[in-house]
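Let's walk through some of the labels used for this model and see what stands behind each one. Have the sequence and the 3D view open as you read.

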Amino acid sequence: MANTQSSQAFYSLTLEASSAPTAACTCNVIPGLKLQDQQIFEARGQRLYLHRIIENSDRTEVQVSTFLDQDVFGIVRGVSAFRIPGTSTDQLVVSSDSGRIVMLNYDAEKNVFKRIHLETFGKSGIRRTIPGQYLASDPKGRCCMLASVEKNKVVYIVNRNAEGGILISSPHEANQWASLCFAVCALDTGWEHPVFATLEVDYNDAENDPTGETYENREKQLVYYTVDLGLNHVVKSWSDTVDYTANMIFGVPGGADGPSGVLVCCEDRIYYRHDKSGSLCIPIPRRKGAGEDQHRKRCIVAGCLHLARTKHEFFFFLQTDDGDVFKLTMSMAEDDQGRPTADPEALHLKYYDTFPVAKHMLLIRKGYLYIAAENGNNKLYHVTDLADDPTVEPWNNFSSAEYGDLLPAQDYKPLYFKPRGLMYTSLAVDVPSLHPLMRTTVDNPLNEDAPQIYGIQGTGKRSKFKTIRHGLNIQEIVSSPLGNVDCSNLWSIKHRASDQYHSYLLLSSDYADKTIVLGIGDEVETMEESPFLTNRATLEAGLMGDATLVQVHARGVRSILESGTINEWPTPSHRTIVSASANERQLLLGLSSAELAFFFMGDDGVLNQLEEMPEMSGKVTALSVGQTPKGQMQAKFAVVGCDDCTIRVLSIELDSPLEPRSVQALSAVPTSLEVVEQVDPTTGVGVTYVHIGLQSGLYLRAVIDEVTGELGEVRTKFLGAKATRLFPVNASGGAAGEGESSILACSSRPWLGYNHPLSQLYTLAPLVTSPLDAARGFVSEHINGLCAIQGTNLLIFELSSLEGRLATEEIALKYTPRGMCRHPYGTTWWVAQSEGNVLSPRTKATHIANEEAKKLGNGVNGEDAKMEDGDEDGGVKIDEDGEKLTPEELTPDELERHLGLTKATGHWASCISAIDPYEAKAVTATIEFEENEAALCVAAVPFEVRNWEVFVVVGTGQHLQPGNTMVQSKGYVHVFRVTDEGRGLERVHRTEFTSPIYALHPFHGRLALGIGAELFLYDIGMKHLLRKTRGAAVPNQITSLTSQGNRLIASDVSESVTYIVYKGGDANRLIPFADDTVQRWTSSMTMLDYETVAGGDKFGNLWLVRSPEQASKESDEEGIGGYIVNERSYLGGAPYRLELRAHTFTQDIPTSIQRTALVAGGQEVLFWSGLEGTLGIMVPFVSREDVEFFSQLEGLLRSEDPPLAGRDHLMYRGYYVPVKGVVDGDLCERFLRLGFDAKQKIAGEVEREVREVERKVQEMRSRVAF
């Protein structure tokens, strides 16, 4: 990794894209689907996604399938979908930081987004006066509005021409000088002129008033902007004052469906406002429960509308910041004849269910509710009931009738409800997500084949400790022991070619020289009588022709005709069969004499042998015949591997049988071969590939030329230390040849080679399970999956999904994790957790005890009795089947995890937990921190004075109130002794400090910690820590520490990093000697080598800085007589300045950075993880040729494939500082998704073949990561 050249370059790659949703909406973009079959258009980070909900007929199996994702290389700020009258599909609108509006269509044939319009309206970048922060579209699809935070708004009118094309107008401005915009929505006005509503604050008077009185009396306005389609302009048509705490607005259906207008959501209240109707108000109900703060006000953070146009009915789902969802309906006033009018009479709220706090809520017409969660996994809930019955839980029904038009200054009686588990919905799909990812560490404590990623993720009770592995999860269906028989291979066989399911399962044991035959029916059972030979080990078995069963063993070939006739072909004398392969019509045998025997099947189902038996150059170790192409009677080629480390491609057509076509030398003896036809994602045409497994654990994949039989485009992957065995399977379950063929490779762990359903690129991913010896497809009436031999067990399993590349194991935590570390000599992890504005268990118990005592002293009033007891018969709904609709039954801990922690302003709950993710797979010990402390960091420190005994050290802060400078917070360092090999913790002592502790680090058998701007070294004492030395380190606040040798690196909250040298012995000094020239709000950092530091900042930048060579040498001089000790500071900082080596923008906040290898035998890379769930790497280039090639490729792709949202790629990657020394691998990988003509053009510019460019791009990822 170290490189003293000033031109070190890196290749930046994203391993897992951000999972934090920015914006989402429902749409209908796939032609030919029903309106009910909606898709989800979602923006996460710099990518756009299209999801589709797939379900079976009885809805027992539901999945959210991503069928398109595309990188836009820009910051997506909003998305919307609307249908222009007269068109068959929705148009997608994207607002980003490009200063342009983008209209997209979905191209179903190419499975890409097709850009229809790209119109510029302002400067690029996120600026307060450039529209794009807010996006709203007219429900009738006539126009859309983009608004900025301050002053400017633009409206685009869209229409359709006679040819069906989409026309877009020039921007119509609706600017309001000296105003701030807080929210935008479109009103439903039917077919009248479109109207957009905004929440605005005019600051002109407050800005010009030096007394500040106008600022204190400022008002927030609800403003209507009407788009006059006839005159093509936008006017401000109406405004009215609303509560200043208003934060969201929702358009109410209009025209024939409702009264129009908007819902204005404020703190603790919801208003209905419209220029043609009176105002209505209803308070937001507060939670009633043990320990709840009865005075805490809620606000609405998300919502969605359901409109049934045929019934002219609608309702809203509105979610509070606690996650509680309320159903809001409106009742209309009636005229003299009892008919409803368009004048709203009252608002009605009903507590519905509690979900994770959503960034966006989407109600799908199929009957699902999609939660794009702010934190943690996204959820898809099945809506089982719409809560229309008012007799169910009457205490959770509320109306605005008694409040009328409640003014913001008026006092009112709060409403209370009692939260519970899910009642009207059920969880259908839990979509895995990694945001917020607080910390990660790549480690391999158990010395597995590949390292794992350990991370702490989530907030509150939904926090998790995750073990992340590269691979695909399997669903184990059957795991049955095989007894003492050591089986080495198996085959699943149909009885006839026309059968839908397999009938036989053959297990072969080379050690026992026998075959076990199992029958596949309702159960898999041993067959006492079968036509197969059982006293020999089977080398190959299968179905040939229409109904001929073939079994190959060492002494011959047995063919079983449909009539029951058994034909035997014995091997020639003094020879045995060592390898065999067959397809539907052809059979090839490798004999111990290095000869080949070839058979072809006639129309009568009888095998006919070719008289010629050619001899190979060495002993045959593996062979394979290609699958019979559909519509043909024979395959073209077979591949034979020999012990002289070669493979040969032979023709097996009847007019040229066993003629050699090509020879390929290998690096080791081939142990397994499979010839499989797979679809080339570039052309969509089937291509014949030969998959090669070597004794060294290597896996190779090459293309066989259809005409000449030559091998080309060889790709290599190291799978493990064991010899590789290959088995053809179907990735979606089933036998080879049914559906798309895939390869399962068995080595130290099993790997699946398949065409990824999203990118359509050939992908190798390990299966997260124990090593497999052999595997085949398995199809029965109830199971469609794979069967395998796993040690002494027969395993039948299915693949969960082929879309993802990561498999996770989770352990639940109590609070938001802040830091983690591992036992330096063991496998236990320790996680520091803390949660702000919630009650600790001890404080909550005290509050509950006080409430109970108060109830006993004062009695329970009627409202409390109604809330807590209720009428069981009146509060339960009976469905059509006569069953009660009741909430899900949850334990108290499960209910708290579902509802969240009890909130209380100014309080902290915190703990330290020991976690065993390997054996117990659970939290083994937890110690709570009292006295309103919050754990901020943790470290495992071996102290030299205690014989290098490991202690767990936790840094905390007391009475923390971020943003409140009036409160002086203290800090503590807690020391815990490790017991039970790390699974237990025992308090030793704690030491008080004047400020919170944010950074701890073990250093030379002592503890290095940052207190404010100073760095300290402490040793352990009997009753508290003992200070050994101190020194000024950074300008403001130390946030993290790392070290190598005598050198410490301290990161500052806003001033980058500082290099510090420790002079031990009599000097005992900490001396800063180099710092940075640029302010960097450092969020994470690590030392790549003794002189280089990589870091990330809170604005999304990744950077590498390096110490000057002279400064590094001077800092390592012995004693304190050297130049570095007596050097004066320069410009108020350290004597020397760091040199910037690399810089790029990632659009995520890096929270962890580490130098590590991610694959077995792979090159070390710079691995980083971001708060939004991004996992990425920086790969150092090893040759100047690669740097020049990929730099040229990147430049060509910038011009040939410009970003979808119109952002300039070079400006995007250099958002704050110009990009330096980094090639964008994500952009280079866009080459793989281009059309053939564009690939040819770019490949010609770099003077390479298209296949060669594709290979180089894919190998940059595959050789170091996944």
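**What stands behind the labels**

Strand 84 and strand 85 (residues 1092-1097) run antiparallel and are joined by five bridges. Before going on, please note that this is a predicted model, where local features need pLDDT of at least 70, side-chain atom pairs count only at pLDDT 80 or more, and totals for chains, interfaces and linings use all residues. Residues are numbered from 1 along each chain as its sequence is written, and side-chain values use heavy atoms, with hydrogens and water left out.

Q: What makes strand 84 and strand 85 a pair?
A: Two strands pair if DSSP finds at least two bridges between them. Strand 84 and strand 85 have five bridges, so they pair by that rule. One of the partnerships joins Ser-1084 to Gly-1096 in strand 85. The two strands form a hairpin, with four residues between them. Strands themselves are DSSP runs (E, at least two residues), as helices are (H or I, at least four), and both are numbered from the N terminus.

Q: How do you know that strand 84 is mostly covered?
A: Buried means under 20% relative accessible area, exposed over 50%, and partly exposed in between (1.4 Å probe, protein chains only). Of the six residues of strand 84 (residues 1082-1087), five are buried.

Q: Why is Ala-622 called buried?
A: The relative accessible area of Ala-622 is 4%, which is under 20%, so the word buried applies. Ala-622 belongs to strand 50 (residues 620-625). Leaving aside neighbours within four places in sequence, its contacts (heavy atoms within 4.5 Å) include Ser-579, Val-639, Pro-670 and Leu-673. Gln-337, in contrast, is 285 residues away along the chain, and its C-alpha atom is 89 Å from that of Ala-622.

Q: Why are Asn-447 and Glu-981 called exposed?
A: Asn-447 has a relative accessible area of 67% and Glu-981 has 63%. Each value is over 50%, so each residue is exposed. There is a backbone feature to look at too: Asn-447 has a positive phi of about 55 degrees although it is not a glycine, and Glu-981 also has a positive phi of about 55 degrees without being a glycine. You will find Asn-447 in the loop between strand 34 and strand 35 (452-457), and Glu-981 in the loop between strand 74 (970-979) and strand 75 (984-993).

Q: Where does Pro-436 lie, and what is the peptide bond before it?
A: Pro-436 sits in the loop between strand 33 (425-431) and strand 34 (437-443). The bond from His-435 to Pro-436 is cis, with omega near -10 degrees.

Q: What makes strand 46 and strand 49 edge strands?
A: The open sheet to look at has four strands in the order 46-47-48-49, paired antiparallel. Strand 46 (577-582) and strand 49 (607-609) each have a single partner strand, so one side of each is left without a neighbour in the sheet. From one strand to the next, the twist averages 25 degrees. Strand 48 (residues 596-601) is joined to strand 49 by three bridges, and Phe-599 stands opposite Gln-609 in strand 49.

Q: Which strands are the edges of the sheet with the order 58-59-60-61?
A: They are strand 58 (725-730) and strand 61 (762-766), since each pairs on one side only. The sheet is open and its pairing is antiparallel. Five bridges join strand 60 (residues 750-755) to strand 61, with Leu-752 opposite Ala-765.

Q: Why are helix 8 and helix 12 called roughly perpendicular?
A: Helix 8 (residues 1184-1200) and helix 12 (residues 1250-1262) pack at an angle of about 110 degrees, with their axes 12 Å apart. Angles under 35 degrees count as roughly parallel, over 145 as roughly antiparallel, 65 to 115 as roughly perpendicular and the rest as oblique. The angle of about 110 degrees falls in the range 65 to 115, so the pair is roughly perpendicular. Axes here are lines fitted to C-alpha atoms over the stretch in contact, and angles run from 0 to 180 degrees between N-to-C directions. Among the residues that make the contact are Phe-1189 and Leu-1193 of helix 8 and Val-1257 and Met-1260 of helix 12.
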